[in-house]
Amino acid sequence: MFSQRLTNLTPYVPGEQPQDRSYIKLNTNENPYPPSPAVMDVLATMDADALRRYPDPSMTAFREAVADAYGIDPAQVFAGNGSDEVLSFAFFAFFDGSQGPLRFPALTYSFYPVYCNYYDIPYETIPLDEHSRVNLPAMTDAGPSCGLIFANPNAPTGIALPLSAIEAVLSGYPRDRVVVVDEAYVDFGGETALPLIQSHPNLLVIRTVSKCMSLAGMRLGYAMGDPALIQALFTTKDAFNSYPVDAVAQAVGVAAMKDMTYTRERIQAVIASRDRFVTTISNLGWRVRPSAANFVLAGKPGITGETVYKTLRDAGILVRYFNLPGVADSVRITIGTDDEMDRLVAAIRQCWPE
Ligand SMILES: Cc1ncc(COP(=O)(O)O)c(C=O)c1O
């Protein structure tokens, strides 16, 4: 009944979205603030009759809005049903193992090996360096590769690389192989590689509206790069689904892209809450990695991440625990509102009195 392909699949496991009770939800890196009022206006005034029609398969208005927001050409922009789908198309379009394995960090977004498995792409992972940073030089020094992918800031560490490190790796990397930088969290304190797409036709930058624009429920992500890369993503999309971004998502995406002032304000609020929270739990003796994202990886010395996760869950607070080498002593905590972070700190003080 089932294909051999299906039998061999190992699916990604997303963070839990439990319905059994109400939790303070700090486990899936969602934004604690509502989307822009401009988004609310679009949804409130949407003409339902227009939904009779299929959406624009070229996603023109949204791609133009992205291009305007970042000062690039719409031909340099692709969009998809969440950046997960854009990533999946990129894996299909650019990586096939013919010039060596795809390389990515040993600790990063755990969807990357899942896509490799799905598309049968050989891959090799490279350990983080001694400061838990993505080790870009080691990713290229390890021998030929059919491409590179990494998240900046990385997940689940939250640690960002400077633009100069990305520039350095690109300058030594073959121009006929694609380097993907996954910038899902860049707005919360990382340095974007976007300016480099003008001089590096093999660089693809992938972003999402899920985190910084509070639109995770909408499913809208995008990629920016050389028009030839964008064209390859369109070819991939058109062999899979002509309309991955529905009409509502396209209209909402345009409104969100045009309201960068609101987005920037909310990002600043998340950054301020993060910095305040990091100071507080560091003072309580927790180890926290320096995060440039809307989450922190933190642990209490002597207690496993799994215990922290379970204890906080019982206290009505969801965080994420990864049973992976190097991070099993920590949990990943999404930054919520100041009130949510205060309640987390109160629970921490109660569960682990000093
Ligand atoms: C590093 C990274 N990239 C991409 C995504 C996917 O984001 P989305 O599909 O919501 O755009 C996530 C989601 O958690 C992520 O952590």
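Start in this predicted model by selecting helix 3, residues 60-70, where Phe 62, Arg 63, Ala 65, Val 66 and Ala 67 are buried. If you then show what these buried residues pack against, you will find strand 2 (77-80), strand 8 (221-225), helix 8 and helix 9 (247-258). Before leaving this part of the chain, step to Gly 71, which comes just after helix 3 and takes a positive phi of about 65 degrees.

From there, follow one of those packing partners and select helix 8, which spans residues 227-238 and holds Thr 236. Is Thr 236 buried or exposed? With a relative accessible area of 8%, Thr 236 is buried, because the cut-off for that word is a value under 20%. Its side chain reaches the backbone oxygen of Ala 232, and the distance to display here is 2.8 Å. Leaving out residues up to four places away in sequence, Thr 236 touches Phe 89, Phe 92 and Ala 93.

Next, select helix 4, residues 82-94, and within that helix pick out Phe 91. The relative accessibility of Phe 91 is 0%, so this residue counts as buried. Which residues does Phe 91 touch, once those up to four places away in sequence are set aside? They are Leu 102, Tyr 112, Tyr 115, Cys 116, Tyr 119, Ile 121 and Ile 149. One of these, Cys 116, is 25 residues from Phe 91 in sequence, while the two C-alpha atoms are 7.4 Å apart in space.

That contact leads to helix 5, residues 111-119, in which Phe 111, Tyr 112, Val 114, Tyr 115 and Cys 116 are buried. To see what covers them, display helix 4 together with strand 3 (102-105), strand 4 (123-126), strand 5 (147-151) and strand 6 (178-182), which are included in that cover. Just after helix 5 comes Asp 120, whose phi is positive, at about 60 degrees.

While helix 5 is still selected, turn to the cysteines. Cys 116 has a relative accessible area of 1% and is buried, whereas Cys 351, at 28% relative accessibility, counts as partly exposed. How many disulfides does the structure hold? The number is 0. For Cys 116, the closest cysteine sulfur is that of Cys 146, and the separation of 8.0 Å is too far for a bond, because a disulfide requires the two sulfur atoms to be within 2.5 Å.

Now select the ligand and show the residues around it, which are Gly 82, Ser 83, Asp 84, Leu 87, Tyr 109, Asp 182, Ala 184, Tyr 185, Thr 208, Ser 210, Lys 211 and Arg 219. Three distances can be displayed here one after another. A polar backbone atom of Asp 84 is 3.0 Å from an oxygen atom of the ligand, an N or O atom in the side chain of Lys 211 is 2.7 Å from an oxygen atom of the ligand, and a polar side-chain atom of Arg 219 also lies 2.7 Å from a ligand oxygen. On its own, the ligand has 390 Å² of accessible area, and the protein covers 92% of that area.

Move on to the open sheet of 3 strands, whose order is 9-10-12 and whose pairing is antiparallel. Strand 9 (287-288) and strand 12 (331-334) are its edge strands, each of which pairs on one side only. Strand 10, residues 295-299, pairs with strand 12 in the antiparallel sense over 4 bridges, and Phe 295 can be found standing opposite Thr 334 of strand 12.

From Thr 334, go to Met 341, which lies in helix 12, residues 338-351. Met 341 is buried, with a relative accessible area of 1%, and beyond its neighbours within four places in sequence it is in contact with Leu 26, Phe 277, Ile 333, Thr 334, Ile 335 and Gly 336. Although Met 341 and Phe 277 are 64 residues apart along the chain, their C-alpha atoms are separated by 6.7 Å.

For the last stop, select helix 10, residues 260-283, and within that helix Ser 273. Ser 273 counts as buried at 1% relative accessibility, and, not counting residues up to four places away in sequence, it touches Tyr 33, Ile 335, Gly 336, Thr 337 and Asp 338.

Note on methods. Residues are numbered from 1 along each chain as its sequence is written. This is a predicted model: local features need pLDDT of at least 70, side-chain atom pairs count only at pLDDT 80 or more; totals for chains, interfaces and linings use all residues. Side-chain values use heavy atoms; hydrogens and water are left out. Buried means under 20% relative accessible area, exposed over 50%, partly exposed in between (1.4 Å probe, protein chains only). Helices (H or I, at least four residues) and strands (E, at least two) are DSSP runs, numbered from the N terminus. A polar contact is a pair of N or O atoms within 3.5 Å; within protein, one must be able to donate a hydrogen and the other to accept it, and residues adjacent in sequence count only if both atoms are side-chain atoms. Contact means heavy atoms within 4.5 Å. A residue is near a molecule or strand if one of its heavy atoms lies within 4 Å of it. Accessible areas come from the Shrake-Rupley method with a 1.4 Å probe; for residues, only the protein chains shown count as cover. Two strands pair if DSSP finds at least two bridges between them.
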